[in-house]
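Reader: I have a new structure open and don't know my way around it. Can we go through it together?
Author: Fine. Put it on screen and ask as you go.

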Amino acid sequence: MRLDPFVGAYLTDPAQVWRRLLADPERVHHDPDLGLWLISRHADVRRALGDTEAFGNALTLAPIYDVCPDAMGILAQLDAPPTTAAADPPVHPRTRRALRATFANTAERVEHRYGAIVQRRVDELVSRLVAHSGGRADLVGAFTAELPLLVLLDILGVPKGDIGRVRAWGDGQIALIWGRPDPAEQVRLARGLLEFWHYCQRLVRARLDGARRGEDYVSQLLAYRDGDDGVLTTAEVSSIVFNLLVAGHETTAGLLAHALDQALSSPGRWRELGEDPRRIPAFLTEALRFAPAIDGWLRVTRRSVTMGGVTVPAGARCLLLIGAANRDPAVFACPEQFDPHRPDADAHLSFGYGPHFCIGAALARLEARVALTRLAQAIPGLRLAAGHHRSYKVNAAFRAHRSLPVVIDAVASSDGPATPVAS
Ligand code: HEM
């Protein structure tokens, strides 16, 4: 069975493809074009995410196609040690301990440590939108892709002037690994990735030299390390920064766009959220289930593994279709329906499962909650521009809207502002 992630239905309505896979009696499929095994059932995806003995992360951040020799030559110079999403035991438990000790990862700690930053950045961006009342904007460029990066730069202590470069490097990394760039583009993106890595190393070195030590997260990681390579090497500190700058930005941007898309494309929903913001957390959980920002993620088998009678050989790369798992009828009743009152939406796998569970889940939820609350209050008449068609960037892992064109109407109409979206 083929996924065809770079053409056709997968770029506008991936659920069509997930339904086909879930309905097939064969539980695991080999895609000969991608050279990947496709795992789509909830129980199987959860197992693969959580079972580090059978499924490894070593190739999670390696391109899913044969990179051309010139790009390969550049990537060979990238000596970032695996730390989080690309690390296996025994490295991963140690680096994970460092993340857990330094990065706020519960609702209370996130609110306490990062709440003020999130509120300030949301207020700034919402004010800018309100200033264009009566006009149009693309919410992706003006809000969803902007907020998580600004918050992350504040937390990490990265100069604001570098935002454009960091954004381009992050976008480039995602296109290089999970996209389908031609050889010339592969070379350009590989160069960008190497520059990005050197940038992260310089950022850490500046703190080590004492010039810029402060309250920021990079300084906290260095304080945690306390000069002990057995705890973390300085290269590992740089590598964690390198990973966080992408993991914490493109993902949350995706959540914001999916949540706003759902909130604005069903009549009355935006008004309801504005009138009763207590509905927002449950609404966001359902948005995470229904349209995950990462809907495919990689593992490699460390030994042969049998699932539903299909044996996947050792050393095989598997694409875990989180988006399909979140719509598995064995777990979710009427999975194709967006239902913010669903009692078990929390069983989604959008933040992963097990030892690699997303360290930034609480931060992403906080950003999305504050953003939706403030936007719905300040722009009750926000609505999708008529005739908008959903379409996503070409990628096998990240489900990112190309755009979300809206009309900014600060005054709500009496029967709700939503415009149904053609898909
Ligand atoms: C809606 C937003 C987000 C989504 C959908 C998301 C999704 C995920 C997923 C699926 C994983 C599991 C990877 C695996 O099992 O290999 C993961 C891990 C991770 N996430 Fe997130 N993430 C989000 C936000 C964030 C944020 C805001 C940060 C940090 C600022 C972050 C940092 C990380 C890190 C460092 C890992 C690796 C953890 C480890 O390997 O131990 N993520 N995320």
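Reader: Let's start with helix α14, residues 280-290. Why can it be called largely enclosed by the rest of the structure?
Author: Keep in mind that this is a predicted model. Of the eleven residues in α14, nine are buried, so the rest of the structure largely encloses that helix.

Reader: Which residues of α14 are buried?
Author: Ile280 is buried, and so are Phe283, Leu284, Thr285, Glu286, Ala287, Leu288, Arg289 and Phe290.

Reader: And what do the buried residues of α14 pack against?
Author: Three helices: α12 (250-264), α13 (269-275) and α16 (361-378).

Reader: Change of topic. Where does the ligand sit?
Author: In the largest cavity.

Reader: How many residues surround the ligand, and which are the closest?
Author: There are 26 residues around the ligand. The closest are His92, Arg96, Arg299, His356 and Cys358.

Reader: What is the protein donor of the ligand's iron atom?
Author: Cys358, through its SG atom, at 2.3 Å. Cys358 is the only protein donor of that iron.

Reader: Where is cysteine 358 found?
Author: In the loop between α15 (322-325) and α16.

Reader: Which elements each supply at least two residues of the shell around the ligand?
Author: Helices α4 (91-102), α11 (234-247) and α12 do, and so does strand β5 (297-301). The most comes from α12, which gives three residues. You met α12 earlier, as one of the helices that the buried residues of α14 pack against.

Reader: What about oxygen atoms of the ligand, which residues are they listed with?
Author: One pairing is with arginine 299, where an N or O atom of the side chain is 2.8 Å from a ligand oxygen. On the backbone side, a polar atom of threonine 84 is 3.3 Å from an oxygen of the ligand. For alanine 85, the distance from a polar backbone atom to a ligand oxygen is 3.4 Å.

Reader: What about threonine 83, buried or exposed?
Author: Buried: its relative accessibility is 1%, so threonine 83 falls in that class. Threonine 83 lies in the loop between α3 (69-75) and α4.

Reader: Which side chain does the side chain of threonine 83 join in a polar contact?
Author: That of serine 239, at 3.3 Å. Apart from neighbours within four places in sequence, threonine 83 is in contact with His92, Thr95, Glu236, Ser239, Ile240 and Asn243. His92 is also among the closest residues to the ligand.

Reader: What is the peptide bond from proline 89 to proline 90, cis or trans?
Author: Cis, with omega near 5 degrees. Proline 90 is in the loop between α3 and α4.

Reader: On to arginine 390. Where is that?
Author: Arginine 390 is in the loop between β9 (383-384) and β10 (405-407).

Reader: Why does arginine 390 count as buried?
Author: Because its relative accessible area is 16%, and the cut-off for buried is under 20%.

Reader: What does the side chain of arginine 390 make a polar contact with?
Author: The side chain of aspartate 261, at 2.6 Å. A further polar contact, of 3.4 Å, joins the side chains of arginine 390 and serine 265.

Reader: And glutamate 367, which helix is that in?
Author: Glutamate 367 lies in α16. Its relative accessibility is 1%, so glutamate 367 counts as buried.

Reader: Which residues does glutamate 367 touch?
Author: Leaving out residues up to four places away in sequence, glutamate 367 touches Val118, Leu147, Pro148, Val151, Thr252 and Leu256. The C-alpha atoms of glutamate 367 and glutamine 119 are separated by 8.2 Å, with their positions 248 residues apart along the chain.

Reader: Last one: how far apart in space are tryptophan 37 and leucine 319?
Author: 6.0 Å from C-alpha to C-alpha, although they are 282 residues apart in sequence. Tryptophan 37 lies in strand β2 (residues 36-39) and is buried, with a relative accessible area of 15%. Beyond four places in sequence, tryptophan 37 touches residues including Val28, His30, Val312, Pro313 and Leu319.

Methods: Residues numbered from 1 in each chain as written. Predicted model: local features only at pLDDT ≥ 70, side-chain atom pairs only at ≥ 80, totals over all residues. Heavy atoms only, no water. Buried < 20%, exposed > 50% of the residue type's maximum accessible area, 1.4 Å probe, protein only. Helix = DSSP H or I, 4+ residues; strand = E, 2+ residues; numbered from the N terminus. Contact = heavy atoms within 4.5 Å. Donors = N, O, S within 2.8 Å, 3.2 Å for Na, K, Ca; no water. Near = heavy atom within 4 Å. Polar contact = N/O pair within 3.5 Å; in protein donor to acceptor, adjacent residues only side chain to side chain. 1 Å grid on protein atoms, 1.4 Å probe; cavity = no way out; pocket = protein on both sides within 12 Å on 5 of 7 lines; lining within 4 Å. Sits in = over half its atoms within 2 Å of the grid points.
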